[in-house]
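Colleague: Can you take me through this one? I'd like to go over a helix, a pocket and some backbone angles.

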Amino acid sequence: MKDKPNRREGIPSYPLVRLDALQLDIDEWVKKNFATHPLHHPLLGLVEEVGELSHAVLKREQKIRLNENHDAEIRDAVGDILIYLIDFCNAEAISISNCLQETWGNVKKRDWNEHRTIYHSKEETNEQETQ
């Protein structure tokens with residue numbers, strides 16, 4: 001069994017699917033198959049799939065249940081998470097593409113290294129004051 005994959009392994013260098021087109025496809029599929037489900041069901045499904053993802057990652061990390069394909073279970077859970085998340089966005093009239101672009105525009109401005117230095121400096125100052 002292999003260890004955790006390389007962070008960039010398997011990530012395409014080009015977009016395979018347009019999120020807005022996928023969101024429309026999922027909306028049509030959900031309306032056909034689950035037209036009467038309550039609006040909170042996608043959120044519950046999302047939480048369940050996060051649990052399945054956590055379970056698969058934990059078992060891979062622990063190197064147990066080697067008869068199971070943890071990598072395939074992880075990919076399946078990630079796909080299911082995205083489908084439920086898009087369904088939830090549809091129920092809430094949120095464009096997942098716009099939401100992601102807007103949020104990423106804010107997140108990518110953050111500098112973890114800068115904040116880590118500030119945080120550690122404050123932490124060291126607090127430790128010195130208590131001694």
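**Pocket, helix and loops**

Modeller: Helix α3 gives the largest share of the lining of the largest pocket, 6 residues. Keep in mind that this is a predicted model.

Colleague: Which helices each supply at least two residues of that lining?

Modeller: Those are α1, α3 and α4.

Colleague: And how much space lies in the largest pocket?

Modeller: About 330 Å³. The lining has 14 residues, and the closest to the pocket's centre are Leu-19, Leu-82, Ile-86, Ile-96 and Leu-100.

Colleague: How does the lining divide into nonpolar, polar and charged?

Modeller: There are 12 nonpolar residues and 2 polar ones, with no charged residue in the lining.

Colleague: Back to α3. How many residues does it have, and how far does it reach?

Modeller: Helix α3 covers residues 70-91, which is 22 residues. From first C-alpha to last it reaches 31 Å, close to the 32 Å expected at 1.5 Å a residue.

Colleague: Which of its residues are buried?

Modeller: In α3 the buried residues are His-70, Asp-71, Ile-74, Ala-77, Ile-81, Ile-86, Asp-87, Cys-89 and Asn-90. Ile-86 also appeared among the residues closest to the centre of the largest pocket.

Colleague: What covers those buried residues?

Modeller: The cover includes α1 (19-33), α2 (41-62) and α4 (96-107).

Colleague: Take Ile-74, then. How far apart are Val-57 and Ile-74?

Modeller: C-alpha to C-alpha they are 6.9 Å apart in space, and 17 residues apart in sequence. Val-57 is found in helix α2.

Colleague: Is Val-57 buried or exposed?

Modeller: Neither: Val-57 is partly exposed, because its relative accessible area is 34%, and buried would mean under 20% and exposed over 50%.

Colleague: New topic, the backbone. What is phi for Arg-65?

Modeller: Arg-65 has a positive phi of about 50°, although it is not a glycine. Most residues other than glycine have a negative phi.

Colleague: Where does Arg-65 lie?

Modeller: Arg-65 is in the loop between α2 and α3. Its relative accessibility is 41%, so Arg-65 counts as partly exposed.

Colleague: And what comes with a positive phi after α3?

Modeller: Ala-93, with phi near 55°. Ala-93 has its place in the loop between α3 and α4.

Colleague: Is Ala-93 buried or exposed?

Modeller: Ala-93 is exposed, because its relative accessible area is 73%, and the cut-off for exposed is over 50%.

Conventions:
Residues are numbered from 1 along each chain as its sequence is written. This is a predicted model: local features need pLDDT of at least 70, side-chain atom pairs count only at pLDDT 80 or more; totals for chains, interfaces and linings use all residues. Side-chain values use heavy atoms; hydrogens and water are left out. Helices (H or I, at least four residues) and strands (E, at least two) are DSSP runs, numbered from the N terminus. The expected span of a helix is 1.5 Å times one less than its number of residues. Buried means under 20% relative accessible area, exposed over 50%, partly exposed in between (1.4 Å probe, protein chains only). Contact means heavy atoms within 4.5 Å. On a 1 Å grid over the protein atoms alone, a cavity is a set of points where a 1.4 Å probe fits but cannot get out, and a pocket is an open set with protein on both sides within 12 Å along at least five of seven lines; lining residues have an atom within 4 Å of a point. Grid points are joined across faces, edges and corners, and a volume is the space filled by probe spheres set on the points. Ala, Val, Leu, Ile, Met, Phe, Trp, Tyr, Cys and Pro count as nonpolar, Asp, Glu, Lys and Arg as charged, and the others, Gly among them, as polar.
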